[in-house]
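Student: I am new to this structure and would be grateful for a close look at a single part of it. Please begin there and then work outwards to the rest.

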Amino acid sequence: MSMTQRIRSSLPALRTALQSNPNFLRNFATSTPAAKDNIKVPVSMFGGCANYASALYLAAVRAKALDKVESELLGLVEATNKAPTFSQFTRDPSVPSATRSKALNDICDQAKFSDVMKNFLVVLAENGRLRHVDGIAKRFSELTMAHRGELKAIVTTVIPLPAEEEKELKETLQEILGEGIKVHLEQKIDPSILGGIVVEFGQKVFDMSIKTRARQMERFLREPINV
């Protein structure tokens, strides 16, 4: 049985899981922009990075600068990863917040960042959260994709999926999610799952890996037998 056939054989379980949360598809569906005083995040997220990402999203939408802020944030993360000294500077807790804030103000001015982005980075610096900017950027990207009616699905396998199976899997997910959502498929290789497939999308995980099945079988075998 191919990887994609495993997914297709699990369609009923996928559909049941989605139907158990009726707001899931609605959150990702394309909708008309809300009024300025009624702007909401397109999908609910939880955690520290998610809270900062949601705050940035709301500020960017209100300023009508969502695309620009997204570009600035992703560009900053990329530049930080390529500059070890600056990366260490943002993560060093011994650096006074005032020093970090001044340095960021200078960087933002040179890069001609938007006021939304500049203010956001200063808040991160003052709160000692600059070291989490990478995680915040990832959650922010999830929000902007949901805003555009898009959804990223991460597929983990032991070896890369053949092109035909990747196409089939994308079509399968598209069938489940509906025409109002555009699926972006991202492959991830992880030999530790031993085989099978793991699909993650919209904060949901469908684990059909051999590793997980083996653990489930082990727990089952350890349970006492009632006679």
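Tutor: In this predicted model, helix α11, formed by residues 210–222, lies across strands β3 and β4. Its direction makes about 80 degrees with that of β4. The two strands belong to an open sheet of 4 strands, whose order is β2-β1-β3-β4 and whose pairing is mixed. At the edges stand β2 (182–189) and β4 (204–209), each of which pairs on one side only. Between neighbouring strands of this sheet, the average turn is 15 degrees, direction ignored. Strands of a sheet pair through backbone hydrogen bonds, in either the parallel or the antiparallel sense. Here β1 (residues 150–157) and β3 (residues 196–201) are paired antiparallel over 4 bridges, and Ala153 has Phe201 in β3 as its bridge partner. Another helix, α10 (residues 163–177), also packs on the sheet, where it touches β1, β2 and β3. The direction of α10 makes about 135 degrees with that of β2.

The next matter is the nonpolar interior. In soluble globular proteins, nonpolar side chains tend to be buried together. The largest nonpolar core in this model has 31 residues. Those with the most contacts inside this core are Leu56, Val69, Leu73, Met117, Leu121, Leu124 and Phe140. Two or more residues each come from α4, α5, α7, α8 and α9 (133–147). Leu73 shows how distant parts of the chain meet: if neighbours within four places in sequence are left aside, Leu73 is in contact with Leu56, Met117, Val133, Ala137 and Phe140. Another core lies apart from the largest one; this second core has 15 residues, including Ala153, Leu177, Val183 and Met208. Ala153 thus links the two topics, as a member of that second core and as the bridge partner of Phe201.

Helix α7, one of the contributors to the largest core, deserves attention of its own. The helix has 15 residues, 97–111, so at 1.5 Å a residue it should span 21 Å, and the distance of 21 Å between its end C-alpha atoms agrees with this. Its buried residues are Arg100, Ser101, Leu104 and Cys108. Because these residues cover an arc of only 95 degrees around the axis, they sit on the same side of α7. An α-helix has 3.6 residues a turn, so residues three or four places apart point the same way. Among the elements that cover the buried residues of α7 are α6 (84–91) and α8 (115–126). The face turned away from the buried side carries the exposed residues Ala98, Lys102 and Gln110.

The loops add one further detail. Most residues other than glycine have a negative phi. Lys112, found just after α7 in the loop between α7 and α8, instead has a positive phi of about 60 degrees. With a relative accessible area of 67%, Lys112 is exposed. Lys64, too, is not a glycine and has a positive phi, of about 55 degrees. Its place is in the loop between α4 (48–62) and α5 (66–82), and its relative accessibility of 80% means that Lys64 counts as exposed.

Finally, helix α6 includes Gln88, which is exposed, with a relative accessible area of 57%. Gln88 and Arg131 are separated by 43 residues in sequence, and their C-alpha atoms are 8.7 Å apart in space.

Methods
Residues are numbered from 1 along each chain as its sequence is written. This is a predicted model: local features need pLDDT of at least 70, side-chain atom pairs count only at pLDDT 80 or more; totals for chains, interfaces and linings use all residues. Side-chain values use heavy atoms; hydrogens and water are left out. The expected span of a helix is 1.5 Å times one less than its number of residues. Buried means under 20% relative accessible area, exposed over 50%, partly exposed in between (1.4 Å probe, protein chains only). The arc is that of the directions from the helix axis to the C-beta atoms. Contact means heavy atoms within 4.5 Å. Two strands pair if DSSP finds at least two bridges between them. Axes are lines fitted to C-alpha atoms, for helices over the stretch in contact, and angles run from 0 to 180 degrees between N-to-C directions. A nonpolar core is a set of buried Ala, Val, Leu, Ile, Met, Phe, Trp, Tyr and Cys residues joined through side-chain atoms within 4.5 Å.
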